[in-house]
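Student: Please give me a close look at one part of this structure, and then set that part in the context of the rest. I should like each term explained where it is used.

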Amino acid sequence: MSLTSVPSLYLALLTVTSATLLLAGSQQRTELRFAASEFKSVNPPETVPMYAAAFVQPAGGTPSVHAGTITQLNDGQLLAAWFGGAREGAKDVNIYCSKSLNPSQGWTVPTIIASRKQTTQNLNRYIKKLGNPILFADADGRVWLFYVTVSVGGWSGSSITVRFSDDDGETWSTANRLVTSPFLNVSTLVKGSPVQCESGYLLLPVYHEFVRKFGEVLTIDRDGQVVNKTRLTAHNGAIQPWLVPLDKQHSKAFYRNSGGSAHATLSNNLPNVFAAEIEPVKVTNIPNPDAAVAVIRRHDGGFLMACNPTTEGRHRLSLAVSTDGQNWTLIHDIEDSAPPDEFSYPYLIKGDQGNYHLIYTWKRTKMRHLAFNEQWVGDQL
Amino acid sequence: MSIRLWIWSHLSFIILVAAVLCSLFPGRRSVVTRMLCCFAIVGLAVLPIQHLDVSGLVLGHIGVLSASTMVLLLQSLLSQLGQTKRRGEAEDRMSGIVWFLIGSVIYTSTFGIVEQDFYALGYQTQMSWIVLAVSGIAALLRHWLLAICLVTAVLALQWRLCESANLWDCMIDPWLFFASTFQLLHWAIRGRPFHETTVTHTQPIV
């Protein structure tokens with residue numbers, strides 16, 4: 001290539017790039033808002049209090065399980081997933097899922113929906129371990145599965161992989177990696193439930209763990225591509241965010257407290273997360289032993305939280321309610337034991353008919369599912 | 001993995017290996033030798049190993065290369081093969097400063113060392129126009145390679161050739177940042193760019 005042809009090459013590239021940019025710019029940009037189903041209160045049907053519990057994973061499953069997730073499909077069935085294997089981070093860990101029409105009828109035999117080998121082949125990238133699945137059935141009936149994969153190092157070297165199913169979890173697409181970080185795409189993990197936007201986009205709460213720890217949220221388009229990322233807080237230790245929409249733009253985020261001296265659950269107000277309008281993190285009155293929390297909006301506009309309300313250990317799992325998201329009242333102990341028992345990683349959703357569904361890790365050996373309704377919550381107050 | 005990303009990741013590996021081999025074994029080669037080497041590298045890239053191929057195994061550990069790194073490696077490769085002129089000292093220095101500054105801002109921001117998240121700006125279309133403007137300034141200053149790197153990064157983003165939808169991922173990767181940092185440090189200590197003091201094989205080896 002002669003020296004005189006270099007300017008020509010540059011000019012040619014510049015012309016093509018400018019034309020492509022102009023064309024892309026003429027396409028209308030999507031204005032994002034939360035879908036009404038995410039924040040509108042629906043009065044629950046007048047029924048009797050309901051509270052049912054069942055183990056999702058039958059006896060004889062994998063020795064160790066963790067990080068359960070649950071979603072309700074359009075046909076009303078519940079779909080749960082978790083990771084299981086010899087131990088957390090072991091090479092034999094797979095993502096399992098199970099279905100249930102309702103808790104009284106039990107859960108189907110778990111099937112593998114993501115494995116290390118399949119993910120390695122799909123991504124054409126060495127995968128050392130996987131974990132933290134998240135299931136979400138969107139308004140169009142597509143079921144999304146997000147999970148973390150690690151190629152090098154520990155969990156802080158994670159990146160997020162996505163698969164989806166258009167037949168209620170019977171078959172799944174090939175896995176794709178979400179690119180969320182400029183440094184070798186490491187250190188983006190997922191724990192909280194995605195939130196649906198009006199345009200069909202998803203907001204996926206994620207967190208960063210390398211050097212400093214903080215919560216973020218990814219905007220994901222219908223093709224599963226990350227189109228934006230917003231830092232929810234710069235507060236070191238505020239991880240595993242749980243996003244709760246309050247209206248079309250306004251939301252609140254709740255965090256596991258993984259640093260600092262205040263062993264309390266953290267939260268902050270997000271006037272408009274889409275425009276990165278974020279308020280500073282505040283400490284709530286609920287203790288937090290460096291453990292995940294799950295929060296959902298109640299029918300009356302208040303909040304319901306599943307948490308480990310201790311300063312050390314995850315041997316107690318409780319439900320708490322609040323009207324403002326800041327001051328909480330414990331209403332019920334789901335589990336109350338002594339260390340080293342562990343009841344952790346709650347994942348809470350509101351299903352149709354107004355029922356709440358909670359799934360959590362039970363002594364690291366089983367996944368447990370609870371279903372209860374607003375009347376039952378009201379009775380605990 | 002889409003076919004587009006498959007091509008990008010394998011092309012990254014092929015250019016990387018070819019550039020490294022040319023640096024390690026400089027000298028003029030016959031067309032036949034070059035073709036054989038090229039086939040060997042392509043074969044290595046797709047060689048199956050542990051449920052994936054060699055390029056996937058390597059890139060899984062070092063990450064996918066940015067468009068800028070690909071352009072620089074390609075220029076280095078063509079230069080080694082005698083197809084283009086070597087980069088000038090001033091151009092090297094300017095490029096090094098630009099990559100170092102971009103990397104410093106993006107990586108410190110990503111790790112949360114600074115409160116603002118500059119990486120998120122890479123999702124905004126306006127950033128592409130700004131980078132094109134910077135490439136124009138670089139071109140006016142006759143830093144052609146830097147200008148081509150910048151404009152190629154924007155093009156790779158717009159054509160979705162990269163895995164990421166963020167401009168910074170197409171523009172810089174940690175290896176380009178580390179190389180620039182090392183080169184600038186060496187230049188600051190010795191007073192001239194790194195390759196001027198280490199590359200001694202200027203005469204073709206027949």
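Tutor: Two residues are taken to be in contact if their C-beta atoms, placed from the backbone, lie within 7 Å. The model is a predicted one, in which local features need pLDDT of at least 70 and side-chain atom pairs count only at pLDDT 80 or more, while totals for chains, interfaces and linings use all residues. Residues are numbered from 1 along each chain as its sequence is written, and chains are lettered from A and ligands numbered from 1 in the order in which they are written.

The part I have chosen is helix H2 of chain A, residues 116-123. Helices (H or I, at least four residues) and strands (E, at least two) are DSSP runs, numbered from the N terminus. A residue is called buried if 20 or more other C-beta atoms lie within 10 Å of its own, exposed if 12 or fewer, and partly exposed in between, again with C-beta atoms placed from the backbone. H2(A) is largely enclosed by the rest of the structure, because six of its eight residues are buried. The buried residues are Arg116(A), Gln118(A), Thr119(A), Thr120(A), Asn122(A) and Leu123(A). Within chain A, they pack against strands E5 (111-114), E6 (129-137), E7 (143-150), E8 (158-165) and E9 (176-178); from chain B, strand E2 (52-53) joins this packing. Just after H2(A), Asn124(A) takes a positive phi of about 50°. Most residues other than glycine have a negative phi, and most peptide bonds are trans.

The strand from chain B leads to the interface. There, 45 residues of chain A are in contact with 49 residues of chain B. Helix H1 (5-26), helix H2 and strand E14 (226-231) of chain A each supply at least two residues of the side that touches chain B, and H1(A) gives the most, with 13 residues. By class, this side of chain A has 24 nonpolar, 15 polar and six charged residues. Here Ala, Val, Leu, Ile, Met, Phe, Trp, Tyr, Cys and Pro count as nonpolar, Asp, Glu, Lys and Arg as charged, and the others, Gly among them, as polar.

Chain B is divided into domain 1 (1-64) and domain 2 (84-199), with bounds that come from an automatic or database domain assignment. The centres of the two domains, taken over C-alpha atoms, are separated by 23 Å. Five residues of domain 1 are in contact with six residues of domain 2; on the domain 1 side, these are three nonpolar, one polar and one charged.

Helix H6 of chain B (residues 125-140) can be set beside H2(A). At 1.5 Å a residue, its 16 residues should span 22 Å, and its end C-alpha atoms are 23 Å apart, which agrees; the expected span is 1.5 Å times one less than the number of residues. In H6(B), Ser128(B), Val131(B), Leu132(B), Ser135(B), Ala138(B) and Ala139(B) are buried. Seen down the helix axis, the buried residues fall within an arc of 115°, so they line one face of H6(B); the arc is that of the directions from the helix axis to the C-beta atoms. On the other side of H6(B), Gln126(B), Ala133(B), Ile137(B) and Leu140(B) are exposed. Just after H6(B), Arg142(B) takes a positive phi of about 65°.

To return to the chain that holds H2(A), the secondary structure of chain A comes to three helices and 25 strands. Its radius of gyration is 21 Å, close to the 21 Å that the globule rule gives for 381 residues, so chain A is as compact as a globular protein of that length. The radius is taken over C-alpha atoms, and the rule is 2.2 Å times the number of residues to the power 0.38. Of the 381 residues, 50% count as buried.

Some loops of chain A have backbone features of note. The peptide bond from Pro339(A) to Pro340(A) is cis, with omega near 10°, and Pro340(A) is found in the loop between strands E22 (328-336) and E23 (343-350). Val211(A), in the loop between strands E12 (202-208) and E13 (214-220), has a positive phi near 75°. With 15 C-beta neighbours inside 10 Å, Val211(A) counts as partly exposed.
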